[in-house]
Amino acid sequence: MSEHRAYVEIDLTAVEENIRTIASNTDAQILAVVKADAYGHGLVEVARTALASGATWLGTALLEEALQLRAFGLSGSILAWLTPPGDDFDEALREKIDISISSLAILEEILAAGERTGITPRVHIEVDTGMTRGGFLEEWDPFLLRLQEVKDSLHIVGFWTHFARADEPDSDFTDQQLILFNVLLNSLQSQGIYPEIIHAANSAGAIAHPGSHKQMIRLGIAMYGLSPDVGHMGGSEKLGLRPAMSIKAKLVNVKSVPALSRVGYGGMGVTDMDTKLGIVCMGYSDGLPRRADATAGVSYKGELARLIGRVSMDQCVVDLGPDSTALAGEYVTVIGEDGFSADDWASAAGTINYEITTRIASRLPRIYHR
Ligand SMILES: *Cc1c(COP(=O)(O)O)cnc(C)c1O
């Protein structure tokens, strides 16, 4: 693969091990969350690996993502939960995609699609228990009334909510959400509606709130080997997870410069001694955060070389140190076990690991190995 100027390596064995680690601590089914190109790791490869490793469901945000899985021959249960009015629900039904219902408007569109296609829609009802984002809130009572009229036209598979603060060990907010979740479930059941799969937990819930697992957990970031919240829960190692993504990029050039050289746009970086700089063939258009500071960088044969100056569009500059033996054309590790982690890049840029991996551009090839 030496012809690529930069590439992403995905260790599918790590994905498998992470799923097995989480699975060993729960009786719930696992829905593998593969939205956003599997958090930048590659939709189809991760989906196949997840199903071969014990996950029984796939979850996407968008209907397009679910349809793409079908197009690649994945035939099992798939839930898509972010389907705005106007989506192609006919196609969703023909392709046996489970759809989330989070508003009266979407309910009506799904019912209409069911009538047009003659296929009973498989749906999961989403309730808003404190995230104040998706799910029924003020429409809940009118929804229950409407459901009485139309429930025979639907297969109500699931009932679910999403946690806002499951990563905060000192907060009782998750317990409060679960209490409201149960109240809402009871009000549904008192109408004679009994969804088979109750689900609430994301990775943080799966790890920190065993009481939230219900029939299924929706596993995202932990499957990729990253912590839902490094500050509150500790990093990958503490959680027994192994990051699946690493990134390599080529040095375009290595140059010797004197102390006090100003580097990059705005001259924001300054060398503190005579040193060698490495020009790395990866920049913000590839997904490296422009705001990253010198607490991140690359590694060359295990030696850390920190960013110096601003990240440019297609390249960045690192301080290799005066004694470096690195040569133009050689690879450095941008993210990887022997260098900086996605967590390091996140902290250097004031963001979270989720944003680092999902933004790695599709123009970098993904190379899979086990
Ligand atoms: C993204 C997402 C998840 C997965 O969250 P992680 O924190 O990555 O585990 C679960 N459920 C829903 C609804 C999501 O949007």
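In the predicted model, the domain assignment divides the protein into domain 1, spanning residues 12-225, and domain 2, spanning residues 245-369. The C-alpha centres of these two domains are separated by 38 Å, and the contact between them draws on nine residues from domain 1 and eight residues from domain 2. Together, domain 1 and domain 2 bury about 840 Å² between them, with 61% of this area lying on carbon and sulfur atoms. On the side of domain 1, Tyr39, His41 and Ile221 account for 51% of the area buried against domain 2, a share that exceeds that of any other three residues.

With regard to polar interactions across this boundary, four residue pairs are in polar contact between domain 1 and domain 2, counting pairs in which both residues have a pLDDT of 80 or more, whereas the number of salt bridges between the two domains is zero. Among the secondary-structure elements of domain 1, α1 (12-23) and α2 (35-39) each contribute at least two residues to the side that touches domain 2.

Within domain 2, which the assignment places at residues 245-369, the surroundings of Thr271 were examined. Thr271 is located in the loop that connects β12 (269-270) with β13 (275-280), and Thr271 is classed as buried because its relative accessibility is 1%, under the 20% limit. The side chain of Thr271 has polar partners in the backbone of two residues: a polar atom of this side chain lies 2.8 Å from the backbone oxygen of Pro258, and the side chain also reaches the backbone nitrogen of Ser261 at 2.8 Å. When residues up to four places away in sequence are left out, Thr271 touches Val257, Pro258, Ala259, Leu260, Ser261, Val263, Leu277 and Ile308, a list in which Pro258 and Ser261 appear again.

The cysteines were considered next. The count of disulfides in the model is zero, a disulfide being assigned where two cysteine sulfur atoms lie within 2.5 Å. For Cys281, the closest cysteine sulfur is that of Cys316, and the distance of 9.3 Å is too far for a bond; for Cys316, the closest cysteine sulfur is in turn that of Cys281, so that at 9.3 Å this cysteine is likewise too far from a partner for a bond. Both residues fall under the 20% limit and therefore count as buried, Cys281 with a relative accessibility of 18% and Cys316 with a relative accessible area of 2%.

Conventions: Residues are numbered from 1 along each chain as its sequence is written. This is a predicted model: local features need pLDDT of at least 70, side-chain atom pairs count only at pLDDT 80 or more; totals for chains, interfaces and linings use all residues. Side-chain values use heavy atoms; hydrogens and water are left out. Buried means under 20% relative accessible area, exposed over 50%, partly exposed in between (1.4 Å probe, protein chains only). Domain bounds come from an automatic or database domain assignment. Contact means heavy atoms within 4.5 Å. Buried area is the accessible area (1.4 Å probe) that two parts lose on being put together, summed over both. A salt bridge is a side-chain nitrogen of Lys or Arg within 4 Å of a carboxyl oxygen of Asp or Glu. A polar contact is a pair of N or O atoms within 3.5 Å; within protein, one must be able to donate a hydrogen and the other to accept it, and residues adjacent in sequence count only if both atoms are side-chain atoms. Helices (H or I, at least four residues) and strands (E, at least two) are DSSP runs, numbered from the N terminus.
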